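Me: I should like to learn how to read the features of a protein model. May we go through strands, cores and salt bridges in turn?

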Amino acid sequence: MSCDLTRLALHGYFDGELSAASNADFKRHLEHCSDCVLELATQNVVRDSLQRARLYDFGPDSLKQRVRAHLRSGVRTAASTQRLIWGWVAAAAAFLVVAFLVWRVVPNVHDDDDYQVGLAAGIVDAHVRSLQPGHLTNVDSADQHTVKAWFDGKVDFVFPIRDFTNDGFSLLGGRLDIVQGRTVAVLAYARSGHVVNVFIWSTREPEESARAGARRGYQWVAWQKDNMEFCAVSDAAPAELEQLHRLFAG
Amino acid sequence: MSDLDPEDGLRFERLVLPHVDAAFNFARWLLRSRADAEDVAQEALLRACRFFRGFQGGDARAWLLQIVRNTCYSWLEKNRPREPTVEFDEELHRQPVATPESIAIAVEGRERLTRALETLPPRYRELLVLRELEGCSYKEIAAITSIPLGTVMSSLSRARRQLHCALVNSGCREAIA
């Protein structure tokens with residue numbers, strides 16, 4: 001590669017890890033180095049396809065359950081295999097009871113779980129994509145009417161668009177995104193240096209209580225209201241997402 | 001030697017359990033097998049339980065992934081001693097520069113990407129998994145892999161070059177076949 005800068009600074013730039021000064025230097029360098037421009041484009045193609053290919057492999061639920069069972073059983077790892085085995089038996093029995101209840105009481109809940117794991121992954125992917133420069137918003141405005149006007153005719157449901165600057169969540173704008181093949185509306189908020197995306201789509205599912213989780217270091221909180229599903233995701237603390245949830249609910 | 005008292009147990013659930021997926025994903029890519037990853041990730045999590053008292057707070061994910069990594073490498077040494085962990089010969093594998101067009105063809109499809117990633121030596125693969133899949137910062141990568149922070153960028157640059165090379169190569173091979 002002819003350009004020495006390509007080898008190094010380019011990756012720091014690509015990963016957003018350069019200091020502000022080096023970043024500005026590299027931007028200037030890009031203006032007249034076609035090698036680096038090309039290399040950066042190549043890196044982007046690869047990163048995009050890595051994201052799209054969904055290579056992240058989520059562990060089986062059984063792994064989490066086993067670790068939890070281990071924690072609860074309070075076993076001393078050294079010698080007490082006997083207790084370990086009983087821990088497993090108890091966990092398996094508990095699992096069977098729950099599985100039976102779930103199977104009897106809530107048909108198809110298993111599908112829902114798979115659906116939810118996939119959905120959370122899809123939403124976190126979309127959130128990460130949106131953090132790339134220029135991808136956060138299609139309409140850039142803190143004015144709820146402007147954002148609302150932009151969404152008119154683009155989605156087939158009406159949802160609340162509100163700026164919560166007074167409560168610490170400033171509306172940055174909105175965009176359309178695609179999650180698991182479905183078009184969703186997204187509102188982007190700034191929260192003390194963090195970006196929060198709220199994904200919104202219509203649903204016919206019966207309303208259930210709010211759920212929360214973490215994927216790849218991002219937190220999400222999902223809830224339903226008025227036949228719409230909301231999912232807020234961010235690297236902010238879970239409590240902050242919970243606050244946003246309450247603002248939407250209120 | 002007891003594992004954790006109830007208070008630490010709760011803390012462990014709150015801080016470490018959210019990263020079980022990350023532990024599994026990392027092990028899966030290091031070992032290139034879901035079945036082995038399930039065993040080794042579990043072993044690493046139980047180890048994490050045991051070491052949890054020594055955890056001083058801070059980045060729980062990086063702390064856990066560091067344990068997962070050590071567990072994986074020990075496991076590889078024991079179970080697959082022949083697997084090369086050595087670095088590519090850079091000169092031998094020096095490639096014509098990949099262009100956006102040539103790479104766009106090569107990166108199509110999950111399987112092809114998976115295969116390309118899996119052909120890389122683990123020391124490169126882990127960097128790409130941590131950065132591109134797990135979204136770790138350089139600082140976290142340094143903490144997890146024990147690479148000095150100052151060399152994360154150059155190591156990543158080499159890893160990416162290897163990945164491009166693997167992608168373009170497999171593309172060529174497939175085109176011929």
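## Reading strands, cores and salt bridges

Reply: We may begin with the strands of chain A, bearing in mind that this is a predicted model. Strand E5 (residues 211-215) of chain A runs antiparallel to E6(A), and 5 bridges join the two.

Me: Which residue of E6(A) stands opposite A:Gly213?

Reply: A:Gly213 faces A:Trp220. The hairpin of E5(A) and E6(A) has 2 residues between the strands, and in it A:Arg216 takes a positive phi near 50°.

Me: How many bridges join E6(A) to strand E7 of chain A?

Reply: There are 7 bridges between E6(A) and E7 (residues 228-234), which also run antiparallel. Within this pairing, A:Ala222 has A:Cys231 as its bridge partner. The hairpin of E6(A) and E7(A) has 2 residues between the strands, and A:Asp226 takes a positive phi near 45° there.

Me: How should I picture the side chains of a strand?

Reply: In a regular strand, side chains alternate between the two faces of the sheet. As for the covering of strand E6 (residues 218-225) of chain A, 6 of its 8 residues are buried.

Me: What is the general idea behind a nonpolar core?

Reply: In soluble globular proteins, nonpolar side chains tend to be buried together. Here the largest nonpolar core has 77 residues, and those touching the most other members include A:Leu55, B:Trp63 and B:Leu64. Helix H4 (residues 60-79) of chain B supplies the largest share of this core, 11 residues. A second, separate core has 26 residues, among them A:Phe164 and A:Phe230.

Me: Which residues does B:Leu64 touch, not counting those up to four places away in sequence?

Reply: B:Leu64 touches B:Val16, B:His19, B:Ala23, B:Leu45 and B:Ala48.

Me: How many salt bridges are there over all chains?

Reply: The count is 26. In one of them, B:Asp21 pairs with A:Arg215, with the closest N and O atoms 2.7 Å apart. B:Asp21 lies in helix H2 (residues 20-31) of chain B and A:Arg215 in strand E5 of chain A, so this pair joins two chains.

Me: Is B:Asp21 buried or exposed?

Reply: Buried means under 20% relative accessible area. B:Asp21 has a value of 6%, so B:Asp21 is buried. A:Arg215, at 9%, is therefore buried as well.

Me: Where do B:Asp8 and B:Arg11 lie?

Reply: Both lie in helix H1 (residues 6-15) of chain B, 3 residues apart, about one turn of the helix. Their side chains meet in a salt bridge (3.5 Å, N to O). B:Asp8 is buried at 12% relative accessible area, whereas B:Arg11 is partly exposed at 27%.

Definitions and conventions. Residues numbered from 1 in each chain as written. Chains lettered and ligands numbered in written order. Predicted model: local features only at pLDDT ≥ 70, side-chain atom pairs only at ≥ 80, totals over all residues. Heavy atoms only, no water. Buried < 20%, exposed > 50% of the residue type's maximum accessible area, 1.4 Å probe, protein only. Helix = DSSP H or I, 4+ residues; strand = E, 2+ residues; numbered from the N terminus. Pairing = 2+ DSSP bridges. Core = buried A, V, L, I, M, F, W, Y, C linked by side-chain atoms within 4.5 Å. Contact = heavy atoms within 4.5 Å. Salt bridge = Lys/Arg side-chain N within 4 Å of Asp/Glu carboxyl O.
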